[in-house]
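This report goes through one protein chain, from the whole fold down to single residues. Please keep the sequence and the 3D view open while reading.

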Amino acid sequence: MQGRHPAVMRPSDLPRLLAASATFGALDEAARAALAGALVWLGLPGGRALFKAGEPSDALYLLASGSLGVFDAQGALRHLLAAGDSVGAAGLVTGEPRRRTVRALRDSQLLRLDRAAFEALLARHPHALSAVAREAVLRAWQEDRAGGRPGAPRTFALLPCTPTVPARALALQLARALSVHGGCAVIDAEQAAGRDSGWFAMREAQQRFVIYLDTAARPSAWRARCLRQADALLLPAQAAEPARPWPEAAALRPERSGHRPRHLLLLHAGRQPALGAARRWRAVFDGALRHHHVCGAADVARVARLASGHGRGLVLAGGGARGLAHLGMLRALREAGHGFDAVGGTSIGAIIGAGVAAGWDLETMTERYREAFVRGRPLSDWTLPLVALTRGRRAARMLQRTFGALAIEDLPLPFFCVSTSLSGNGMAVHREGPLWLWLRASSAIPGVLPPVLHGREVHVDGALVDNLPVDVMAADGVAHITALDIRADTRLTAGVQEAATPPWWKLLLQRDTARRPGLVSTLVRAGMVNGEAASAGRRARADLLLSPPLEHVGMLAWKDWRRAVEAGYRHARSRLEAQDDDAAAISRRAAR
């Protein structure tokens, strides 16, 4: 372990820190006092490893301030540890080497208890420390089973690109929005002048969230301090201005900022995002970056929810003509007051989800999709099936007419769609680029619509790998996910037994007596079999799952669109009313 150094003085609030710790809070006063005397105070600069996988388990650590990330063997962030959390206790108990790498995501202060001190305390307080040990092992096991969903950031650095950004007003708006989920403090250079690290640690311990605010938009010791203190970076810019690097561009590079989320906040003067602004500003950055369009107070509240891990996501599945049931489910959700901060989907679920992300009202969506799918008949340009049964031109033109020149990154809400890359990469998640093009790729049913060829890759319907991409939305840190599922009727039955198709004249003679699956039905269902099986696990990850019965609507029966919409509406309304009844019953029981 490198880069650690003990502080000269212990924090005066050590007893309070131990009492609030999930690991040590249950100890009696005598055991906590003995523990306090054995702990060694140390500092760990942001970016440094506390320990690495495979190293001996020689100590446990209690995080006093800052943030630690727990990484798996592939370098993926599995857990985020905040003040009061401990790490390494399970290794002391089992004697096994470190199973994960733990790294400081920002400057952190910790308390170390080495193996010899732990064993001495265990001998003096066997009952209390044995309970701590069992709890540590159980918690480590539960974290592994939970799949490692990273924790949510608690501290934010708001670093404007230029002085023209109203940084203070934006910080205060964000603080008000964050206070819904817990107390939030805004700390600027004037408040922080002359303060030591203990003062910052105390502010973070007292508040659920802290926003470190810089208003000068130029390099300074305070701006560097903001960067060090943050779990996540909020980077506001005036969308209409020419894109330019941030004052500390080098420190914002992925290799320097680590795994901390970077949020680009594009401030617009109008009610709608300016086309092309996101693409211009995103080009300033390397690596993963989330961007948000801010046109008003509602957008600030959405940024606060998404950045703090309280966002609400909507995921829509593919399913051909049955997917028009999404319109009915959306109507019921809006009537019940449900709103969403991010949207994603596959195939027709992606197409309808794009309308939600664009901010269309239900009447507009219904009319546009009825025109596109029912009147437009996008699958009617049949051709010689050298690549597919249709040319795909009508489908492409339909999507171009519906969405125009919109790019995915221009949509008011964060949006993604899923396609399947047949060029060796499997699932492809699209978050930028021409909206119509990637919706066309996401809905390219193999054999029915030709694939989209782009960047030397071949893209087809996303249903082959992920028809209900709840997992993609969850990986974005969205806390509450509503999934609109379209179950695929993948059972095809036949009324004859044969291993080869009879001559055409015999097929004509038997068309009323022998039941055979049609070519299009076979292709559609074959394309959805894998997606249907994989969706079972993804359904379980949704907080609210709506899956209407649609057996009476054919996969390509666009003329039955009203029946699909009505079935979706009835099912969603019934589920939401039952959910409200359950919540009311729980409230009544709690009041007794």
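What percentage of the 592 residues of the chain count as buried? The model is a predicted one, and in it 51% of the residues of the chain count as buried. The chain contains 21 helices and 22 strands. Among contacts between residues at least 6 apart in sequence, 76% join residues at least 24 apart.

## Helices

Helix α15 covers residues 362–375. Its length can be checked with simple arithmetic: at 1.5 Å a residue, the 14 residues should span 20 Å, and because the end C-alpha atoms are 18 Å apart, the model agrees with the expected value. At the N-terminal end of α15, Asp361 acts as a cap, with a side-chain oxygen 3.2 Å from the backbone nitrogen of Glu363. Within α15, the buried residues are Leu362, Met365, Tyr369, Arg370, Ala372 and Phe373. A general rule helps in reading such a list: an α-helix has 3.6 residues a turn, so residues three or four places apart point the same way. Just after α15 comes Arg377, with a positive phi of about 45°.

Helix α8, residues 197–206, also has a capped N-terminal end. There the cap is Asp196, which has a side-chain oxygen 3.0 Å from the backbone nitrogen of Trp199. Trp199 is itself one of the buried residues of α8, together with Phe200, Ala201, Arg203 and Glu204. What covers these buried residues includes the strands β3 (59–65), β9 (155–158), β10 (184–187) and β11 (209–213), as well as the helices α7 (189–192) and α9 (221–229).

Two packed helices are described by the angle between their axes and the distance between the axes. For α6 (residues 167–178) and α12 (residues 297–307), the angle is about 65° and the axes are 9 Å apart. The crossing of α6 and α12 is right-handed. On the α6 side, Leu170, Gln173, Leu174, Ala177 and Leu178 take part, and they meet Ala297, Val300, Ala301, Val303 and Ala304 in α12. Sorted by class, this contact has nine nonpolar residues, one polar residue and no charged residues.

## Buried residues with polar partners

The table gives three polar contacts between side chains.

| Residue | Partner | Polar contact |
|---|---|---|
| Asp341 | Arg305 | 2.7 Å |
| Ser419 | His459 | 3.0 Å |
| Arg223 | Glu248 | 2.3 Å |

Where is Asp341? Asp341 lies in the loop between α13 (325–335) and β16 (342–346). Its relative accessibility is 3%, so Asp341 counts as buried. Leaving aside neighbours within four places in sequence, Asp341 is in contact with Arg302, Arg305, Leu306, Gly311, Arg312, Leu413 and Pro414.

Ser419 belongs to strand β17 (residues 415–421). Ser419 counts as buried because its relative accessibility is 0%. Its partner His459 is 40 residues apart from Ser419 along the chain, yet their C-alpha atoms are separated by 6.2 Å. Not counting residues up to four places away in sequence, Ser419 touches several others, among them Gly426, Met427, Ala441 and Val465.

Arg223 is in helix α9. Is Arg223 buried or exposed? With a relative accessibility of 1%, Arg223 counts as buried. Apart from its neighbours within four places in sequence, the contacts of Arg223 include Leu159, Pro160, Asp214, Trp246 and Glu248.

## Two loop residues with positive phi

Ser347 is found in the loop between β16 and α14 (348–357). Its phi is near 55°, a positive value in a residue other than glycine. At 7% relative accessibility, Ser347 counts as buried.

Arg456 is found in the loop between β19 (452–454) and β20 (457–461). Phi of Arg456 is near 70°, again a positive value in a residue other than glycine. Arg456 has a relative accessibility of 86%, so this residue counts as exposed. Exposure thus sets the pair apart, because Ser347 counts as buried at 7%, whereas Arg456 counts as exposed at 86%.

Definitions and conventions. Residues are numbered from 1 along each chain as its sequence is written. This is a predicted model: local features need pLDDT of at least 70, side-chain atom pairs count only at pLDDT 80 or more; totals for chains, interfaces and linings use all residues. Side-chain values use heavy atoms; hydrogens and water are left out. Helices (H or I, at least four residues) and strands (E, at least two) are DSSP runs, numbered from the N terminus. The expected span of a helix is 1.5 Å times one less than its number of residues. Buried means under 20% relative accessible area, exposed over 50%, partly exposed in between (1.4 Å probe, protein chains only). A polar contact is a pair of N or O atoms within 3.5 Å; within protein, one must be able to donate a hydrogen and the other to accept it, and residues adjacent in sequence count only if both atoms are side-chain atoms. Axes are lines fitted to C-alpha atoms, for helices over the stretch in contact, and angles run from 0 to 180 degrees between N-to-C directions. A crossing is left-handed if the near helix is turned anticlockwise from the far one by less than a right angle, and right-handed if clockwise. Contact means heavy atoms within 4.5 Å. Ala, Val, Leu, Ile, Met, Phe, Trp, Tyr, Cys and Pro count as nonpolar, Asp, Glu, Lys and Arg as charged, and the others, Gly among them, as polar.
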